[in-house]
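Student: I have a new model open and would like to understand the reasoning behind its labels. Could we go through them together?

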Amino acid sequence: MSFTRTASKVPAVTLGFWLIKILATTLGEVGGDAVTMSMGLGYLTGTAIFAGVFVLAVSAQIRARSFQPWLYWFAIIASTTVGTTLADYVDRSLGIGYSGGSTLLLALLLGTLWLWKQSTGSIAVGSITNARSEFFYWLTITFSQTLGTALGDWAADTQGLGYAGGIALFGGLLALVALLYASTRTPRTLLFWSAFILTRPLGAVVGDFLDKPLDHGGLALSRYGATLVLLVVIAACIALLPQRAATRSH
């Protein structure tokens with residue numbers, strides 16, 4: 001495969017980026033549950049459907065010659081929905097539990113980041129200017145999105161924090177990352193991937209809080225209705241908020 005160097009096709013990291021990312025991860029949780037639970041298709045079938053969509057979206061993203069906001073965020077939404085159904089299949093259908101699933105996925109995520117660093121020399125967003133880096137970027141995203149679902153369920157259920165507790169935990173950790181960004185010289189790439197990973201379990205517990213039954217601590221909202229509302233809000237954010245490609249830091 002030829003790894004031709006191009007301009008970055010991923011977005012610059014801004015407040016708007018984080019807003020859309022959290023909305024997309026919440027959508028992935030609610031939308032994934034809508035297909036596997038509300039439609040009754042099951043985790044394996046849901047994973048197959050969303051995996052197919054994700055492969056098509058990422059293939060189009062890699063073939064694109066420049067940053068395309070709608071295409072990029074479509075691929076992110078596809079990754080977070082397949083992450084939801086895949087994590088649920090591994091944790092529940094395969095019976096390894098939330099703790100086992102979280103441990104396995106964390107190992108895969110850290111291993112991917114290490115291989116990416118060894119292969120290209122950088123895991124910074126601004127360095128994603130060729131197909132090799134893009135491949136590792138989307139592989140990392142896949143594992144982080146899947147880990148986030150398992151980690152959110154682990155915090156809310158296994159650790160007994162509930163949805164409100166899970167939101168407080170992951171929201172607090174994200175606030176800590178923001179504080180480190182504002183007040184220290186902690187490497188920006190480390191902070192970016194820490195925040196990127198943490199937004200996923202935050203979105204997972206928010207999504208569960210929206211659609212789970214009242215007697216389980218949720219709001220019992222319609223999964224279909226919540227999915228539609230989140231899609232509309234995400235589309236509005238993409239259309240209205242500034243979107244530009246990431247640039248390499250000097």
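Tutor: Gladly! Let us begin with a definition: a salt bridge is a side-chain nitrogen of Lys or Arg within 4 Å of a carboxyl oxygen of Asp or Glu. By that rule the count comes to six salt bridges. Do keep in mind that this is a predicted model.

Student: Why is the contact between Arg200 and Glu29 called a salt bridge?

Tutor: The N to O distance between the side chains of Arg200 and Glu29 is 3.6 Å. The limit is 4 Å between a nitrogen of Lys or Arg and a carboxyl oxygen of Asp or Glu, so the pair qualifies. Arg200 lies in helix α7 and Glu29 in helix α1, so this bridge ties together parts that are 171 residues apart in sequence.

Student: How do you know whether Arg200 is buried or exposed?

Tutor: Buried means under 20% relative accessible area. Arg200 has 0% relative accessibility, so Arg200 counts as buried. Its partner Glu29 has a relative accessible area of 1%, so Glu29 is buried as well.

Student: What makes Asp208 and Lys212 a salt bridge?

Tutor: Their side chains meet at 2.8 Å, N to O, and the cut-off is 4 Å, so the pair passes. Asp208 is buried, and so is Lys212.

Student: And what makes Asp211 and Arg223 a salt bridge?

Tutor: Here the N to O distance is 3.4 Å, again to be set against the 4 Å limit. Asp211 sits in helix α7 and Arg223 in helix α8, so the pair ties together parts that are 12 residues apart in sequence. Asp211 is buried, with a relative accessible area of 6%, and Arg223 is buried at 16%.

Student: Which residues are joined into one network by salt bridges?

Tutor: Asp33, Asp208, Asp211, Lys212 and Arg223 form one network, through salt bridges that share partners.

Student: Let us turn to the surface. Why is Tyr224 called partly exposed?

Tutor: The label covers values between 20% and 50%. Tyr224 has a relative accessible area of 44%, so it is partly exposed. This residue is found in helix α8, which runs over residues 223-240.

Student: What makes Tyr224 eligible for a nonpolar patch?

Tutor: A patch residue needs over 30% relative accessible area and no salt bridge, and nonpolar side chains are joined within 5 Å. With 44%, Tyr224 clears the area requirement. Tyr224 forms a nonpolar patch on the surface with Met39, Leu41, Ile49, Val53 and Phe74. Together these residues have about 540 Å² of accessible area.

Student: Why do Phe209 and Ala220 count as partly exposed?

Tutor: At 26% relative accessibility, Phe209 falls between the two cut-offs, so it counts as partly exposed. Ala220 does too, with a relative accessible area of 43%. Phe209 is found in helix α7, whereas Ala220 is placed in the loop between α7 and α8.

Student: What is there to say about phi of Ala220?

Tutor: Phi of Ala220 is near 60 degrees, a positive value in a residue other than glycine.

Student: How do you know that Gly148 is buried?

Tutor: Gly148 has 1% relative accessibility and the cut-off is under 20%, so Gly148 counts as buried. It lies in helix α5, residues 131-158. Gly148 and Pro201 are 53 residues apart in sequence and 4.1 Å apart in space, C-alpha to C-alpha.

Student: On to the empty spaces. What makes something a cavity rather than a pocket?

Tutor: In a cavity, a 1.4 Å probe fits but cannot get out, while a pocket is open. The structure holds one cavity of 30 Å³ or more, and the largest cavity has a volume of about 60 Å³. Its lining includes Pro11, Phe17, Trp73 and Arg244. By class, that lining has five nonpolar, three polar and one charged residues.

Student: And what about the largest pocket: which residues lie nearest its centre?

Tutor: Val13, Trp18, Tyr181, Arg188 and Phe192 do, out of 29 lining residues. The volume of the largest pocket is about 840 Å³. Its lining divides into 18 nonpolar, eight polar and three charged residues. Helices α1, α6 and α7 each supply at least two residues of this lining, and α7 gives the most, with seven.

Technical notes:
Residues numbered from 1 in each chain as written. Predicted model: local features only at pLDDT ≥ 70, side-chain atom pairs only at ≥ 80, totals over all residues. Heavy atoms only, no water. 1 Å grid on protein atoms, 1.4 Å probe; cavity = no way out; pocket = protein on both sides within 12 Å on 5 of 7 lines; lining within 4 Å. Points joined across faces, edges and corners; volume = space filled by probe spheres on them. Helix = DSSP H or I, 4+ residues; strand = E, 2+ residues; numbered from the N terminus. Nonpolar A, V, L, I, M, F, W, Y, C, P; charged D, E, K, R; others polar. Patch = residues over 30% accessible without salt bridge, like charges linked within 9 Å, V, L, I, M, F, W, Y side chains within 5 Å. Areas by Shrake-Rupley, 256 points an atom, 1.4 Å probe, with all protein chains shown as cover. Buried < 20%, exposed > 50% of the residue type's maximum accessible area, 1.4 Å probe, protein only.
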